[in-house]
Every structure is written in structure tokens, then in C-alpha cells.
Amino acid sequence: MPSAPATAPLPEALTRLIAQQQLTASDAHRFVTESGRAGPASADEAAVLRWLATEYGLAFNDLAAISPERDLLGSFPARLLVRDELLPLGRLPDGSVEVATCRLFATAGLDGLRAATGLRLRPVVAPGEALRRELKERLGVGADTLGVLGAEAGLEVVEQEGSEDADLDGAAEDASIIRFVNQVLRDAIELRASDIHLEPFESELRIRYRIDGVLQDVPVPAQIKRFQPAIVARVKILSHLNIAEKRLPQDGRIKVRIDDAEVDIRVSVIPMLHGEAVVLRLLRQNAALRGVAELGLGARELAALRRVLQLPHGIVLVTGPTGSGKTSTLYTALQEINDAERKIITIEDPIEYQLRGINQIQVSEKSGLTFARGLRSILRHDPDVILIGEIRDAETAQIAVQASLTGHLVFSTLHTNDAPGAITRLVDMGIEPYLVASAIEAVLAQRLVRVLCPHCRAVDDSPTCHALRSRLGINPRAVVHRAVGCRECRQTGYHGRRAIFEWMDTSAEIRELILRSASTDALREAAARAGLRTLADDGRRLVEEGVTSLDEVLSVTSIGDAADRPASETPR
């Protein structure tokens, strides 16, 4: 058992508060709460708890390096542990169990745990924030609610062919299931997740969040598999889907408000071998949009973007894979030119952000409102600027080109690997090369790279890093960092994402090549002569600035192609 460390001097305000409270058992818990208000809450709570541990001859544990026994945790009711913020740490030689608590004098929790288990418990003082973090990590999201549900008779759902949908409906409306689904949604939003995956397997229901573009496992109670049908049914009810339909894919949406955040959730349900899988895409409606200067573009690219935003007509394309931030970049660009003198209309699927002062249309395939049909109607509304969420087919591409040639500034997205590839993609769709050459003003390709966690990043001096620095032409004076991993970043080494860009203007040489139906490679070479900085080059810039790591840039770009150029030809 760790011994209590030497008592650190308490702030004067806390010392006065201790003297005033006199540490009576009845108000000790309130004392710790009020102590947090006397200064920085977490530091003050830890200082007070250390002081209390020393005064009462107890151990203090900051829970920085613990590994509670899984079998031991399983012998305690999860709902009591979560409710009273108690964490069993381990068995002592005399048979008693150490239990971490931040509520030293709120004895009802410990007494209830003793009564429920029949074990002798020895309290250990620990900070409340660390306790809550460890409980969530060890027991899983919603452990307390599923514990209640599991203890109630008649609520286990067994899904069978032609089973009682009324029973499933009733289970989905149970308060514990409702609370569990709400906890998953809140947890995902607080962790900045973009997607929630509920994946059924033979013996488990796995839950994963996509955070910063990477899927991460979420700890959940082992018994969650028993409640899989009820959890899926609850999601269906929220998204107004048919809970009786289990053989066909279904799509729906949920709109929630958590604290001050309004989140639009797109729901997709698909039958799998062991049940229905659910993916929820989280779209934060009131996320603040930045100005174009804050997108992270280089000086050349930023000046070029501002130039095309003032053009009276033409097409500006943003390319990249799904989830690379294309729509966010376009919304930011629209906000830059959103004024009383321009009429801006968008047609999107889905509408990811609601923009004040901009007319937005939601595509609806069921009702026949496609991109092409909506775009034809938009042109009769006298717009100055049009945003097309995505050019998916030749008909939409044709109308977009015609709109640009008749005096409209058109923004849209395409799925291509780089900027020059967007040109050949339009030609492959059947658009005449002379129309493409006349309409396209610029193409912006982008990717998202994860940002190194500022709390744990470290200088990368490995042999691999040194070899790559030399081969890729990284500035010898630049300090290159690597990801490490800590509690702040959930052991990933990264927190947040930044975009890297590749901007291509359609110069006179490029227009000539388009008219000759030149290859993507020829277009890329002409763009390089005009000053194109590739995605790899822009990623290298962020590595030199210490924003991201070499591994991260290598994972999203073909950086080796840029390395083949002599250092003198590498754009800076």
C-alpha cells in the first residue's frame, strides 16, 4: 500500500477554510467541494485530499499508475462504484480490499459496498477527476445503467425470427437503455468523435469512435451483448426508423442538443451476420467557422484563393477522399464572400453546417430532388454563387460547367487523389475538353493530418527519421517531433487535425494541355513549372514547424514522389 507523501504546503485560502470547517464528518464532503472554489479546482482538491490523508493516517494514491484486477472489479456492483465514485484497487494480505475514494467522510457509499459484497474494505484517498477517469476506462461507458438493467427481471432481449416486436419496443424504451444510448452520444461528442460504430459479433457488441480520423475502441461492460437488440431498437426509435425491419438497410437522422452544442446525427443501419450494425455520423451544426486566413494555407495558396473568390464566374473544385475536410473548406470560402451584394445558393447531401444568409437546399433522392434537378432550378433563382455538394455524375458536371460559362461562380467537390486528377476526371465523365478548359479556374486538393499532442510529443532522433530527413529534403535546422501518447490524447500521441493543401491554377499552358486531352502526369508537370506545391511538400512544411510527424504525413501522401526532385526544385 503506498504511503502518504509528505504534506505539501496548502494555499493560505485553503488553510483558512480548513480552520473554519474544523473537518466535521457531516460537512467534510462539502468542504472538499468548496475548497475547489478557492483556487484551481483540481490542484486544490489534490492538496486537500493529501492533507486529509496525512491527518487521518490513510494512504493517498493519485491513480497515475494502477492496474485494478479485472476479477476483483467484477465482484462489485458497477452501479454502486460509479454512483459513489469508488474504485477497488487490490486485495491486501489480511483479505481486505483497498478502495479508492474522494469522499472520505461520505461513508454511505462504502457501507453500501460492504453490505453488497460482504468484504472488508480499506479506504484510500484519491482525486475525484482521476477516479472518474479510471472508472470509465475500467468499467466502460454506461456500466452503471446496464448494471441496473441486468438486475431487473424480464428485461433481457432475445432476438429471434419473427420475435415479439412489442417486447423489443418496450425494452428500447426502458430508462436504462435510454440512459445508456444517451451516455454513448454524450461521450462521443465530448471526445470530438466524428462517427460512432456499433458492431455486432458472435460474443460481443463492439463500440468504436472515430476520433481525428482514426477508430478507437471504447470500453463497454461485458454484458452489453445481451442488450444489443434493445440498444439498436432505441437508436431506430430516435431516428424514426422501423424497428420491425431487420433484413434491409435503413437510413435516418437524429437531432440532439447537448449543453450548448447542437448535433445532427446521420444514422445508417445494415444487417450483418450477428445482428444489425449501426454507424452514426456526428455533424456539429453550430461549430464556429474560421476565416480563410485560418485554414492553414501557405502564403501563395492563400493569395490564390482570395483571388478566385472575387471572380465573377468559373468553377473552383476541392478534391480529396471522404472525410478530408473539403466541405469545411468550401463553407469557409463562402463565408468570406457572404455579403448583401451576392446571392449564394447551395445544394448539398447532407447539409453539414447551417450558414446564416445563405440559401441551402437538401438533396432528397426519395422525392426526386437530385443534384442535377436541383441545380437546374437554382439557375432560375438568379444566384451569383453556387455550391454543389459533390459532382457525382455527368449530368451534374455538365450543368455546373454551363452555369459557370453563363456568369456564375461555382464551387464543388470531386473525389480524386490530387489536383491535376480533377481535370481528367471531368473529361472522363464526358465533358468536352474545350468546356473544361474554359470553365475551370482552380483546383484545391487537400488531406487532413493529425496534430501532435503538445503534452507528450518528443524530438524524433531515430535512425529512420534521420534517413527520411535527408531523402525528403527537410530543413537540417528543423526539429522533427514524434508521437508518444499520454492521458490527454488517449495514448494516441495526437490531438486534433490540420489540413495540407495542393493548389493548382489553370494557367495558359494547362488550358492548352486540357484542349489536347493531355494525361494527368503532363498536367502535373505543367503545374509544377507554374509553382505547384504538392500535398507532400505542404506536409513537409508542417513537419518542419513541429505541427505533425513524418509518419503522419507519410500515411496520407505519396511523399516519396516529391523526394525524387532535387532539393533546389523543392518549393518552399
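This is a guided tour of selections to make in the viewer, with a note on what is found at each stop. Keep in mind throughout that the model is predicted.

**Stop one: a sheet of three strands**

Begin by selecting β1 (86-91), β3 (121-125) and strand β2 (residues 97-101), which together make an open sheet in the order β1-β2-β3, with mixed pairing. As a general point, the strands of a sheet pair through backbone hydrogen bonds, and the pairing may be parallel or antiparallel. Here β1 and β3 stand at the edges with a single partner strand each, so one side of each has no neighbour in the sheet. On average, neighbouring strands of this sheet are turned by 30 degrees against each other when direction is ignored.

Now look along β1 and β2, which run antiparallel and are joined by five bridges; if you pick out Pro-88, you will find that its bridge partner in β2 is Val-99.

Next, add helix α6 (residues 108-117), which packs on the sheet and touches β1, β2 and β3, while its direction makes about 145 degrees with that of β3. Then add helix α7 (residues 128-139), which lies across β1 and β2 and runs at about 75 degrees to β1.

**Stop two: a loop residue**

Select Glu-173, which is found in the loop between α9 (165-172) and α10 (175-190). Is Glu-173 buried or exposed? Its relative accessible area is 40%, and therefore Glu-173 counts as partly exposed, a class that lies between buried, under 20%, and exposed, over 50%. Leaving aside residues up to four places away in sequence, Glu-173 touches Ile-178, Arg-234 and Ile-237. Although Glu-173 and Ile-237 are 64 residues apart along the chain, their C-alpha atoms are separated by 8.9 Å.

**Stop three: a sheet of six strands**

Move on to the open sheet whose six strands follow the order β6-β5-β4-β9-β8-β7, with antiparallel pairing. At its edges you will find β6 (214-217) and β7 (250-258), each of which pairs on one side only. From one strand to the next, the twist averages 25 degrees.

Within this sheet, select strand β8 (residues 261-272) and strand β9 (residues 275-284), which run antiparallel and are joined by ten bridges; Val-269 stands opposite Val-278 in β9. Helix α11 (residues 228-238) packs on the sheet, where it touches β4 (195-200), β5 (205-211), β7, β8 and β9, and its direction makes about 45 degrees with that of β9.

**Stop four: the buried side of a helix**

Select helix α14 (residues 371-378) and colour Phe-371, Ala-372, Gly-374, Leu-375 and Ile-378, which are buried. Because these residues cover an arc of only 165 degrees around the axis, they lie on the same side of α14. To see what they pack against, add β11 (344-348), β12 (359-362), β13 (385-388) and α15 (394-405).

**Stop five: a pair of helices**

Finish with helix α19 (residues 508-515) and helix α20 (residues 520-529), whose axes are 9 Å apart and which pack at an angle of about 170 degrees. This angle makes α19 roughly antiparallel to α20, because angles over 145 degrees count as roughly antiparallel. Where the two helices meet, Glu-509, Ile-510, Leu-513 and Ile-514 come from α19, and Ala-522, Leu-523, Ala-526, Ala-527 and Arg-529 come from α20. Sorted by class, the residues of this contact are seven nonpolar and two charged, with no polar ones.

Note on methods: Residues numbered from 1 in each chain as written. Predicted model: local features only at pLDDT ≥ 70, side-chain atom pairs only at ≥ 80, totals over all residues. Heavy atoms only, no water. Axes fitted to C-alpha atoms, helices over the stretch in contact; angles between N-to-C directions. Helix = DSSP H or I, 4+ residues; strand = E, 2+ residues; numbered from the N terminus. Parallel < 35°, antiparallel > 145°, perpendicular 65-115°, else oblique. Contact = heavy atoms within 4.5 Å. Nonpolar A, V, L, I, M, F, W, Y, C, P; charged D, E, K, R; others polar. Pairing = 2+ DSSP bridges. Buried < 20%, exposed > 50% of the residue type's maximum accessible area, 1.4 Å probe, protein only. Arc of directions from axis to C-beta.
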